[in-house]
Amino acid sequence: MSSLSNPSIQAQLAELSRQYREQLPNKLAAIRGAWNELQTGWNDTAAETLHRLLHSMAGSAGTMGLSAVGVVARSAEKLVKAVVAEPARLPEKRSDIAAAL
């Protein structure tokens, strides 16, 4: 019997997925908050926080059965990563990032 077919492990995975979904609104609010901070001007901390939050969501959402959320987060993460590397690109990428969020 595969360990993933073990009912106990399946129950644990289901519980983790439920908790992730429950926390998702807070994660999205944190992403929006970091993005809103960047609307008034460049802020290294907000930009790095936004990138980290998106990176985390891109990696974890699919694992929790939310692959579409992961795809969107990965797309936004790539845009934000480019801006973190080169902050002067924020004005040109602003509408793309906003659309991805």
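Visitor: Which elements are included in what covers the buried residues of α2?
Guide: In this predicted model, the buried positions of α2 are Ala46, Ala47, Leu50, Leu53, Leu54, Met57, Ala58 and Ser60. The cover over these buried residues includes two other helices, namely α1 and α3 (67-85).

Visitor: How far apart are the end C-alpha atoms of α2, given the span its 17 residues should have?
Guide: With a rise of 1.5 Å a residue, the 17 residues of α2 should span 24 Å. The distance in the model agrees with that expectation, because the end C-alpha atoms of α2 are separated by 24 Å.

Visitor: Which residue caps the N-terminal end of α2?
Guide: The cap involves the backbone nitrogen of Thr45, with a side-chain oxygen placed 2.9 Å from that nitrogen. The residue that supplies this side-chain oxygen, and thereby caps the N-terminal end of α2, is Asn43.

Visitor: At which residue does α1 bend?
Guide: Helix α1 takes in residues 7-38, and its 32 residues reach 45 Å from the first C-alpha to the last, close to the 46 Å expected at 1.5 Å a residue. Even so, the helix has a bend of about 40°, with a proline, Pro25, following within four residues of the bend. The residue at which α1 bends is Leu24.

Visitor: Which helices are included in what covers the buried residues of α1?
Guide: Ser17, Tyr20, Leu24, Ile31, Ala34, Trp35 and Leu38 are buried in α1. The cover over these buried residues includes α2 (44-60) and α4 (90-100).

Visitor: Which residues are linked with Arg18 in a network of salt bridges?
Guide: The structure holds 4 salt bridges, and one of them joins the side chains of Arg18 and Glu22 at 2.8 Å, N to O. Those two residues both belong to α1 and are 4 residues apart, about one turn of the helix; Glu22 counts as exposed because its relative accessibility is 54%, whereas Arg18, at 40%, is partly exposed. The network that includes Arg18 links it with Glu22 and Glu15.

Visitor: With which residue does Arg74 form a salt bridge?
Guide: Arg74 is partly exposed, with a relative accessible area of 32%, while its partner is buried at 6%. The two residues lie 3 places apart in helix α3, so about one helical turn separates them. The closest N and O atoms of the pair are 2.7 Å apart, and the partner of Arg74 is Glu77.

Visitor: How far from Lys93 is the nearest side chain of opposite charge?
Guide: Lys93 is found in helix α4, and beyond its neighbours within four places in sequence it is in contact with Leu79 and Val83. Lys93 is buried yet has no salt bridge, whereas Glu92 meets Arg89 in a salt bridge of 3.5 Å, N to O. A salt bridge needs the nitrogen and the carboxyl oxygen within 4 Å, and the nearest side chain of opposite charge to Lys93, that of Glu92, is away by 4.5 Å.

Visitor: How far apart in space are Val72 and Asn6, which are 66 residues apart in sequence?
Guide: Val72 has its place in helix α3 and is partly exposed, with a relative accessible area of 43%. Taken from C-alpha to C-alpha, the separation of Val72 and Asn6 in space is 32 Å.

Technical notes
Residues numbered from 1 in each chain as written. Predicted model: local features only at pLDDT ≥ 70, side-chain atom pairs only at ≥ 80, totals over all residues. Heavy atoms only, no water. Expected span 1.5 Å × (residues − 1). Bend = angle between axes of the 7 residues up to and from the residue. Buried < 20%, exposed > 50% of the residue type's maximum accessible area, 1.4 Å probe, protein only. Contact = heavy atoms within 4.5 Å. Lys, Arg positive; Asp, Glu negative; His and termini not counted. Polar contact = N/O pair within 3.5 Å; in protein donor to acceptor, adjacent residues only side chain to side chain.
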